[in-house]
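Work through the exercises below with the sequence and the structure side by side. Try each task before reading its solution.

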Amino acid sequence: MTRGMILIILLVLTIRVLVAAPFVGMMRVPVSALWGECSNPVLVDVLWQIRMPRVTMAFLAGAALATAGMAFQAMFRNPLATPFTLGVASGASLGSALAIHLGLAACWMGKSAITLSAFAGALLTIALVYGLTRARQGFSTATMLLAGVALSFSFSSLILLLQYVSDFTDSYRILRWVMGGLDQIVSFGDVLDVVPLVVAGSLVIFYLTHELNLITTGEELAASRGVEVERTKRILFLAASLMVGAVVAVCGPIGFVGLMAPHICRLIIGPDHRYLAPASWLFGGLFLVICDALARTVMAPAELPVGIITALLGGPFFLCLLLATATRKEIV
Amino acid sequence: MNADSQNAIDVCGLSVWLGGRKILDGVSFGVERGEAVTIVGPNGAGKTTLLKCLAGILTAGSGKILLDGRPLGDCPRKRLARRISYVPQADSQPVPFTVEQFVLMGRYPYLSPFSPVGKEDRQAARGAMEQTDTTRFAGRRLDTLSGGERQKVYIAAALAQGGEILLLDEPTTFLDYHHQEDICRLLRRTARRSDLTTIAVTHDVNRAALESHRIVALGGGRVVFIGAPHEIMRPDVLQRIYGCPFELVDHPHVGMPMVVPLGAPEDSA
């Protein structure tokens with residue numbers, strides 16, 4: 001099967017899942033709710049006000065996390081890199097934990113203080129990591145990785161500290177936020193907030209697929225082939241981090257998608273980023289939409305945090321795929 | 001045009017500091033078009049650093065490198081890559097691509113974003129693989145190849161890149177005799193056919209003397225010798241460069257003096 005065909009199959013699958021997902025959930029919604037001809041008018045609202053935005057958000061989040069993860073894995077030439085490796089998620093979590101702990105209730109332009117604070121945390125972390133690596137001229141990817149991991153750890157312990165000094169309710173809210181989830185998405189407004197950064201970030205990464213290919217073969221070799229390595233890495237870092245920051249501010253740090261979706265796609269479509277990038281984008285979105293549909297049905301009427309499902313479903317799936325293809329291919 | 005305009009590359013007073021240490025110290029020399037120049041010298045003399053400067057990978061430092069009389073730094077990186085290709089030291093860094101994909105990636109300086117690889121690019125890659133005798137493992141992954149095969153693929157990718165100047169970092173050092181001869185023959189042939197200018201770095205003085213028109217020796221970041229192969233192949237000259245005694249014996253066919261291992265001193269018994 002050619003790589004183009006795999007992409008088309010993935011696209012068709014994605015469209016089918018996207019069409020079906022809004023009708024799945026605690027309440028079954030009939031198709032007629034689409035054009036408002038439904039015996040129960042509540043279902044029309046459920047479909048248009050809750051399910052549609054939520055499915056769209058799940059897709060965008062999954063696509064952004066997977067594509068950013070792919071870019072970071074290529075850039076650091078490290079299969080364990082994730083969109084959160086450089087501390088964006090911890091920064092956002094710390095922001096939200098602070099807002100919850102301080103009981104910030106203010107709204108600004110319709111966004112909750114928690115979301116705003118989380119996005120500020122993400123931006124601050126990006127600026128910090130960027131600044132740290134700029135301070136030493138030229139950024140070695142190893143330095144950047146270590147700076148990100150160190151920041152992540154410091155932020156995580158600050159979050160623990162905040163949880164420790166908070167009362168039970170706040171502590172639980174912090175914990176729940178850190179697990180990530182899509183249950184806070186209640187309007188298309190939330191979706192529109194992340195669209196610009198996700199679309200721009202994805203386009204930048206798609207634009208740089210030749211460069212990503214060359215950087216995986218070694219930075220010096222890439223430079224000798226004509227790649228502006230430093231500039232490319234800087235642009236990739238900013239594009240991927242901003243997009244992940246926006247997603248995390250709204251959905252919390254949903255784990256696993258950013259780490260595993262790119263690897264699953266590598267096993268399916270190979271290491272060439274010209275195909276791997278669109279595949280990761282589609283598969284990441286598809287995967288998170290499915291996981292979220294499960295999250296709201298498995299224990300209905302209760303909801304599971306989607307982060308639990310992503311790892312529970314994705315882990316074994318990846319291992320099966322790995323065992324099935326290990327004899328023919330290696331991932332890294 | 002200045003007097004040196006027949007030179008492909010001119011290095012003028014190049015000094016480079018890395019990590020607070022002076023690696024290159026006022027290096028100057030020129031390389032003519034079509035010439036094969038080898039850079040030798042002890043470990044840490046700055047050979048690889050010099051090569052990376054010539055490839056435009058390292059841009060720090062003072063002094064100038066002129067490409068056709070114009071500063072290298074003024075040339076946009078993609079345009080530079082169409083003129084100069086670089087073959088790095090063979091290492092076993094895992095590269096997940098197949099040989100064909102890897103050679104095609106040498107065409108990067110001719111591609112624009114989103115553009116598919118064109119017919120011309122495929123032709124260039126195929127030609128480079130035929131020249132280097134690597135067509136038969138086109139579909140294999142790079143990290144399943146032996147060191148000698150991988151070295152040929154790296155050269156193929158550099159040839160697909162299409163520059164007229166080829167820079168090589170230790171092209172034969174980690175290979176067995178058979179593959180050493182193979183690579184040298186390959187380089188000699190392609191250099192002649194495509195009128196390439198080659199600049200190589202090596203530890204193998206014998207190889208350097210046999211394969212190059214001129215030899216540049218570095219020591220402590222300075223040029224300590226520059227001249228024809230027969231001029232460097234003298235015990236006193238080599239001792240000055242490497243700081244140890246040398247024994248030389250004439251090559252039976254070529255007549256060039258060759259370095260032989262010293263062996264155990266007779267009076268040690």
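**Exercise 1. Strand 7 and its partner**

Task: Find how many bridges join strand 7 of chain B to strand 8 of chain B, and in which sense the two strands run.

Solution. The model is a predicted one. Take residues 165-169 of chain B for strand 7 and residues 197-201 for strand 8. The two run parallel and are joined by 5 bridges. For one residue pair, go to Asp169(B): its bridge partner in strand 8 of chain B is Val201(B).

**Exercise 2. The mixed sheet**

Task: Give the strand order of the open sheet of 6 strands in chain B, then name its edges.

Solution.
1. The order is 6-7-8-3-9-10, with mixed pairing.
2. Strand 6 (84-87) and strand 10 of chain B have a single partner strand each, so one side of each is left without a neighbour in the sheet. These two are the edges.
3. On average, neighbouring strands are turned by 15° against each other, direction ignored.
4. Now see the mixed pairing strand by strand. Strand 3 (residues 36-40) and strand 9 (residues 214-219) of chain B pair in the parallel sense over 4 bridges. Here Val37(B) stands opposite Arg214(B).
5. Strand 9 and strand 10 (residues 222-227) of chain B are antiparallel, with 5 bridges. Gly219(B) faces Arg222(B) in this pair. The hairpin has 2 residues between the strands, and Gly220(B) takes a positive phi near 55°.

**Exercise 3. Helices on the sheets**

Task: Which strands of the two sheets does helix 1 of chain B touch?

Solution.
1. On the sheet of 6 strands, helix 1 of chain B touches strand 3, strand 7, strand 8 and strand 9 of chain B. Its direction makes about 150° with that of strand 8 of chain B.
2. The other sheet is open too, with 4 strands in the order 2-1-4-5 (chain B) and antiparallel pairing. Its edge strands are strand 2 (21-32) and strand 5 (70-71) of chain B.
3. Strand 4 (residues 62-67) and strand 5 of chain B pair over 2 bridges. Leu66(B) has Pro71(B) as its bridge partner.
4. Helix 1 (residues 47-54) of chain B packs on this sheet as well, touching strand 1 (7-18), strand 2 and strand 4 of chain B. The angle to strand 1 of chain B is about 120°.
5. For another helix, look at helix 5 (residues 147-160) of chain B. It lies across strand 6 and strand 7 of chain B, running at about 170° to strand 6 of chain B.

**Exercise 4. A helix pair in chain A**

Task: Are helix 2 and helix 11 of chain A roughly parallel or roughly perpendicular?

Solution.
1. Helix 2 (residues 41-75) and helix 11 (residues 257-269) of chain A pack at about 75°, with axes 7 Å apart.
2. Angles from 65 to 115 degrees count as roughly perpendicular, so helix 2 and helix 11 of chain A are roughly perpendicular to each other.
3. The contact includes Gly62(A) and Leu65(A) of helix 2 and Val257(A) and Pro262(A) of helix 11. By class it has 8 nonpolar, 4 polar and no charged residues.

**Exercise 5. Core and interface**

Task: Which residues touch the most other members of the largest nonpolar core, and how many residues of chain A contact chain B?

Solution.
1. The core has 165 residues, and Met243(A), Val247(A), Val103(B) and Leu167(B) touch the most other members. Helix 2 of chain A gives the largest share, 16 residues.
2. Beyond four places in sequence, the contacts of Val103(B) include Ala125(B), Met129(B) and Val153(B).
3. At the interface, 18 residues of chain A contact 24 of chain B. The chain A side divides into 7 nonpolar, 7 polar and 4 charged residues.

Key
Residues are numbered from 1 along each chain as its sequence is written. Chains are lettered from A and ligands numbered from 1 in the order in which they are written. This is a predicted model: local features need pLDDT of at least 70, side-chain atom pairs count only at pLDDT 80 or more; totals for chains, interfaces and linings use all residues. Two residues are in contact if their C-beta atoms, placed from the backbone, lie within 7 Å. Ala, Val, Leu, Ile, Met, Phe, Trp, Tyr, Cys and Pro count as nonpolar, Asp, Glu, Lys and Arg as charged, and the others, Gly among them, as polar. Axes are lines fitted to C-alpha atoms, for helices over the stretch in contact, and angles run from 0 to 180 degrees between N-to-C directions. Angles under 35 degrees count as roughly parallel, over 145 as roughly antiparallel, 65 to 115 as roughly perpendicular and the rest as oblique. A nonpolar core is a set of buried Ala, Val, Leu, Ile, Met, Phe, Trp, Tyr and Cys residues joined through C-beta atoms within 7 Å. A residue is buried if 20 or more other C-beta atoms lie within 10 Å of its own, exposed if 12 or fewer, and partly exposed in between; C-beta atoms are placed from the backbone. Two strands pair if DSSP finds at least two bridges between them.
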